[in-house]
Amino acid sequence: MNILMISDVFFPRINGVSTSIDTFRNSLHNLGVNSTLIAPDYPNRTSPDSETLLRVPSRQVPLDPEDRMMRRSAIRSLDAPLTQRRFDLVHIHTPFVAHYAGIELARKLGVPCVATYHTFFEEYLFHYIPFLPKDWLKGLARRFSRGQCNQLDAVIVPSRAMASTLADYGVQRPVHILPTGLSEQQFHGGDGCHFRQRYQISKERKLLLFVGRVAHEKNIGFLIEMMSMLRQREPQALLLITGEGPALDGLKLQVQQAALDEHVRFLGYLDRDSELHDCYRAADLFVFASRTETQGLVLLEAMALGTPVVALAAMGTRDILESQQGCRIAPDDPALFATVVGQLLQDQATLQALGREARRYARTWRTETLSGRLVELYGSWISNHQAARGRLHPA
């Protein structure tokens, strides 16, 4: 089986889409499925690429300096070499240039075209285009997503909430729920003591952690409000915010105005394969307040290394949190959220038991199982497409 993937984003740009693509590609390779990814090139990129990763010249996206826009002409120049590789299916991962180029490639190659709907656009688009009415932008996002999804043979979503959302939009194509899993390496490594020493955090200090893009839709301001209340019962509590993004300056100002400089620290991006594992291990709790996640993979990453989670159960995070294993669901209120966190921090026995439970639960989300399901889906779509072509063009 030979799969052609295309995405408007990939490493070194760090986000959930990049992580999901990389996780599935590695696991598919182990299952004997070949995949080639078309993705944008980035300025000052230093890491080498393999022959199965085709970088396309790109330019900066207006209003979004972190992302890049691939050049359609550069993608079209790949038509001849891609045709020679005899792909069986095109898998799109983002809805911008990649979507339209992916549709075009699938038609030229005569293969089925599917997409993963990774991002809940209607709930954050207005943060980036604030000069247009919020309701108008929501309606635009819904029409845009419905039109794109209905052009495909099938759609993959990472959670039940997103499947329901697309149904409400009026998507008529088959929708399959398939979350991103965890690779084996995400269950190992990490030195919490070393991390605390490096950042001069005493072992007695209660440490909370957020990992993710520092963006408006992540609702990180909620966690900062929560810290204002938590410090009253836990004067030594410290919240670490790792990652970068467009909300960073505003959040730093919020911390300063709330006099929380000793209770909130911004660390920027951490290396995913080394220092981030140390950070997860060092934390007493992972805290998360996003209301727009299509899955919430970072919750599972924390659990895999034994860090319990306190989070809002909204959108895709519900699928992870509903079992109540290795986690606590907190109310959507900063003061009540702080109460849940404070009670756990004062109960070391429960905290340790939750950590052990979190590791066991995360094992049920291993990527090998989920990638096996993706291979089955690929096979069914390819077979259905070939059967349909046979009916249209009988021998």
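In the predicted model, helix H2 (72-76) and helix H4 (97-109) each contribute at least two residues to the lining of the largest cavity. The search of the whole structure returned one cavity of 30 Å³ or more, and the volume of the largest cavity is about 50 Å³. Its lining is formed by Arg72, Ile75, Arg76, Asp79, Ala101, Glu104, Leu105 and Lys108. Helix H4 provides the largest share of this lining, namely four residues. By chemical character, the lining residues of the largest cavity comprise five charged and three nonpolar residues, with no polar ones.

The strands were examined next. Seven strands are arranged in an open sheet with parallel pairing, in the order E3-E2-E1-E6-E7-E8-E9. The edges of the sheet are occupied by strand E3 (53-56) and strand E9 (175-177); each has a single partner strand, and therefore one side of each is left without a neighbour in the sheet. From one strand to the next, the twist averages 20 degrees.

At the E9 edge, the pairing can be described in further detail. Strand E8 (residues 154-157) pairs with E9 in the parallel sense, and three bridges connect the two. Within this pairing, Val155 stands opposite Val175 in E9. Helix H7 (residues 160-169) packs on the sheet and touches both E8 and E9. The direction of H7 makes an angle of about 140 degrees with that of E8.

Technical notes. Residues are numbered from 1 along each chain as its sequence is written. This is a predicted model: local features need pLDDT of at least 70, side-chain atom pairs count only at pLDDT 80 or more; totals for chains, interfaces and linings use all residues. Side-chain values use heavy atoms; hydrogens and water are left out. Two strands pair if DSSP finds at least two bridges between them. Axes are lines fitted to C-alpha atoms, for helices over the stretch in contact, and angles run from 0 to 180 degrees between N-to-C directions. Contact means heavy atoms within 4.5 Å. On a 1 Å grid over the protein atoms alone, a cavity is a set of points where a 1.4 Å probe fits but cannot get out, and a pocket is an open set with protein on both sides within 12 Å along at least five of seven lines; lining residues have an atom within 4 Å of a point. Grid points are joined across faces, edges and corners, and a volume is the space filled by probe spheres set on the points. Ala, Val, Leu, Ile, Met, Phe, Trp, Tyr, Cys and Pro count as nonpolar, Asp, Glu, Lys and Arg as charged, and the others, Gly among them, as polar.
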